[in-house]
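Me: I'd like a close look at one part of this model, namely the place where the two chains meet. Could you walk me through it in one go?

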Amino acid sequence: MTRPRAAWYRALFRLLLAAMLLSLSQAQAGGEGKGFKVGLTAVFLDNQTSFIRQWEKYLARRLGEPFEFVQRQSYREITQMLAKGQLDAAWICGFPYVRYRPRIRLLAVPLYHGEPLYQSYLIVPASDHVTRDIEDLRGRVFAYSDPDSNSGFLVPQVELLRRGIEPARFFGKTFFTWSHRDVVVAVADGVAQGGAVDGYVWDTLSQTHPQLTNRTRVVARSRRYGFPPFAASATLDQRRFERLQQVLLGMSDDAEGRRLLQKLNLDGFTSGDDSLFDGIREEVALFERGKR
Amino acid sequence: MILGNLSYRYKVPMMLSATILLTGIVVSIALTWRTFADLRADLFRNAVEVGSVLSNTLPAALKHDDLWLAYQIIGAAKVDGESESERLLIVLDDEYRVYVSNRPDLFPVMSELRTQGEQLAKVEREVKRRPTLTPYSLELPDSDHIFTVIPMIDDGIAIGTLLIGYPRSLFLPRFLGIVRRVAYSSLIVLAVLLPIGWYLGNRAVKPLSQLAHCLGRVGSAPLEAVDCQLEEGRDEIGQLGVSFRQMLLELREKEQLEQEMVASERLAAIGRLAAGVAHEINNPLGGMLNAINTYRRHGVPDELAGRTLSLIERGLNQIGDTVSALLVEARSESHRLTPQDIDDVYMLLQPDVQRRSIRLGWENCLDTTVGLPSTQVRQVLINLALNAVQATTDRGDVSCRVETSGRLLRIAVANSGDEIGPEQMQRLFEPFTHFNEEGSGLGLWVTYQIVKQLDGRIDVARREGRTVFSVDLPLRTAA
């Protein structure tokens, strides 16, 4: 009788141990692994859903917890969600980043051609061989990408303000396409006779869709500004902030990460410094003054 | 004019073919026209459909001045396929300026239609002239596009206009496609119908051409040779066939009648001549015979003169016999014909019949005395029967039949001998027509004369391999 009884106790002990371990791991997941929600805007080619899914999976695996990208129509929606703490982080433009400080803070800055910098391009249809300068587009139809975009809105506005021109009355008609890619389409199709576009997006498109960019001509390139950064919500706790930052910065260290970066046409991420965006701050100051 | 002389054998099939061709062409044109109209209606419907889909979203874009949204909306209306790629979509704002179009290269934003050439200036004028809340089709004669004008309505007010234009050139390949399809199917139908038409036409005309051929032979060929296989029926050509056959029959009867008349007139003339000659001969002949008699009675002829006189007398008597044979005269003194008279003839024939082993069929249907002179009738019957016996071969057939039929006595004598040749037939009843060496050549002449004197008629015919002589004699009343 003793042997079966001993076996029964052993089995009971094992069961209890398993239950304890299970509840412990669940407790850990509940406290630590609630997952990341990160917003995306059209600062890059955000219409590649399958690529975004791959990136999500990669980041979830590296972070060891669920990871989700959130996309919205305009910059503003994402930026506001971020400012309200509905998102842990977001890839936004330098313009809203500057504006929403300190409710958001710098998480990582992409490296493009080895530097965390980019330009705004002024483009016209390829059939237009005349335009040499933004001032040649007076009275014409002009395409902006997004009112919260630095390269797709702020730069040409400030450029005109610098020359003492009132932007609101300079063009015959302006419209927003809500993405840099569509600015290129609008100008290529001839809907607009000029457009302001993120130089990084135009360069990337010229590699993946040369038949589109070939129908446009870059008239002017702006000075360099801080590349649209990943910004974190101020409410994101330091430990999770650092983990997310580490994973992003470490993407260039493994093959899968490098493959994804290659798709993004980026070299990697750097932690960056807030002073990178001083150029945009100047623009914003000019712009705010011009509006008054 | 050449057509006028052409045979109906070609003309009718050609006319049928022409009718079929004309019908084919008319039906083809009607079909093409109909399909073409349908095509247009389809395009208009299609345009209105596209317009109504766009009118759900475009007015909002116009109201919010969201040019890019408007462009994307009309861009989304683009359907794959060549015809759609040529479709023009132009959105005009409430001032009739181009708000956006699917061909910004041709119709830039903010441009005015009138700057795009005379045709579009007309379109702009027309659209301005006809503000509307319902779509309509706008087709200007010299425009190379057909436009459908669709108002963009927001809360009952047109805040913009959508122009959907299809190039006219778009119709041409479609139209040619329709024409080609219709032409192919018409050709197939014609390929089937034309041979049928040709065949039917030929069939319809065949009796006509046959009739024409037959008619052509009448007059050029002897009537007996004109033998036509014509279709008889109730249609016109059938009636024509019947009439033609009737006409042929009557012509033949007339010809026969004429021949008979000629023959009987000739016979009458011969008769008159013979009678005249006989009369003229008989008088001197009688005188000469009297003179010879007188000389014998009163004179003393020597031996030579006596021989000479009897030679002359025999010659004169032979002349007298011949003349009297020619001069058939009805002798009124004979008694009425009895059945026995006929049977006597049968007895008379027996020696010849038996000698030549001829089968003699004898039908005497006479059962009473009839009103005809027996001598003449017997003479006729004997002549015909002897002729028949002579004409038939040994062991041949001869048949005689005597009967009364109404007011007629009918005598029919048939033999199985050779057919009488056409040459002989023409001169059958003339005197001195010889059928063999033995006869005098006067038998049928005498028979004919007797029959004529009795107001009867005599015919000869070939029936079932037998030559049949038939005599009809009218019976005289008892008086």
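Reply: Here's a walk through the contact between the chains, with a short stop at a surface patch afterwards.

Keep in mind that this is a predicted model. Chain A brings 15 residues to the contact and chain B brings 13 residues. Together the two chains bury about 1,000 Å², and 66% of that comes from carbon and sulfur atoms. On the chain A side, a trio stands out: A:Lys173, A:Asp189 and A:Val191 account for 47% of the area that chain A buries against chain B, more than any other three residues.

A:Lys173 turns up again when you look at charges. The rule finds one salt bridge across the interface of chain A and chain B, and the partners are A:Lys173 and B:Asp65, whose closest N and O atoms sit 2.9 Å apart. As for polar contacts, four residue pairs across the interface qualify, both residues being at pLDDT 80 or more.

Which elements of chain A touch chain B with at least two residues each? Those are strand S8 (173-176) and helix H7 (180-189). H7(A) gives the most, with four residues. By type, that side of chain A splits into seven nonpolar, five polar and three charged residues.

Now for the patch, which belongs to chain B. B:Leu16, B:Ile188, B:Val189, B:Val192, B:Leu193, B:Ile196, B:Tyr199 and B:Leu200 make up a nonpolar patch on the surface, with about 720 Å² of accessible area together. Helix H7 of chain B (residues 171-217) contributes the largest share of the patch, seven residues. B:Val192, for one, lies in that helix.

Definitions and conventions. Residues are numbered from 1 along each chain as its sequence is written. Chains are lettered from A and ligands numbered from 1 in the order in which they are written. This is a predicted model: local features need pLDDT of at least 70, side-chain atom pairs count only at pLDDT 80 or more; totals for chains, interfaces and linings use all residues. Side-chain values use heavy atoms; hydrogens and water are left out. Contact means heavy atoms within 4.5 Å. Buried area is the accessible area (1.4 Å probe) that two parts lose on being put together, summed over both. A salt bridge is a side-chain nitrogen of Lys or Arg within 4 Å of a carboxyl oxygen of Asp or Glu. A polar contact is a pair of N or O atoms within 3.5 Å; within protein, one must be able to donate a hydrogen and the other to accept it, and residues adjacent in sequence count only if both atoms are side-chain atoms. Ala, Val, Leu, Ile, Met, Phe, Trp, Tyr, Cys and Pro count as nonpolar, Asp, Glu, Lys and Arg as charged, and the others, Gly among them, as polar. Patches are made of residues with over 30% relative accessible area and no salt bridge: like charges are joined within 9 Å, nonpolar side chains (Val, Leu, Ile, Met, Phe, Trp, Tyr) within 5 Å. Accessible areas come from the Shrake-Rupley method with a 1.4 Å probe; for residues, only the protein chains shown count as cover.
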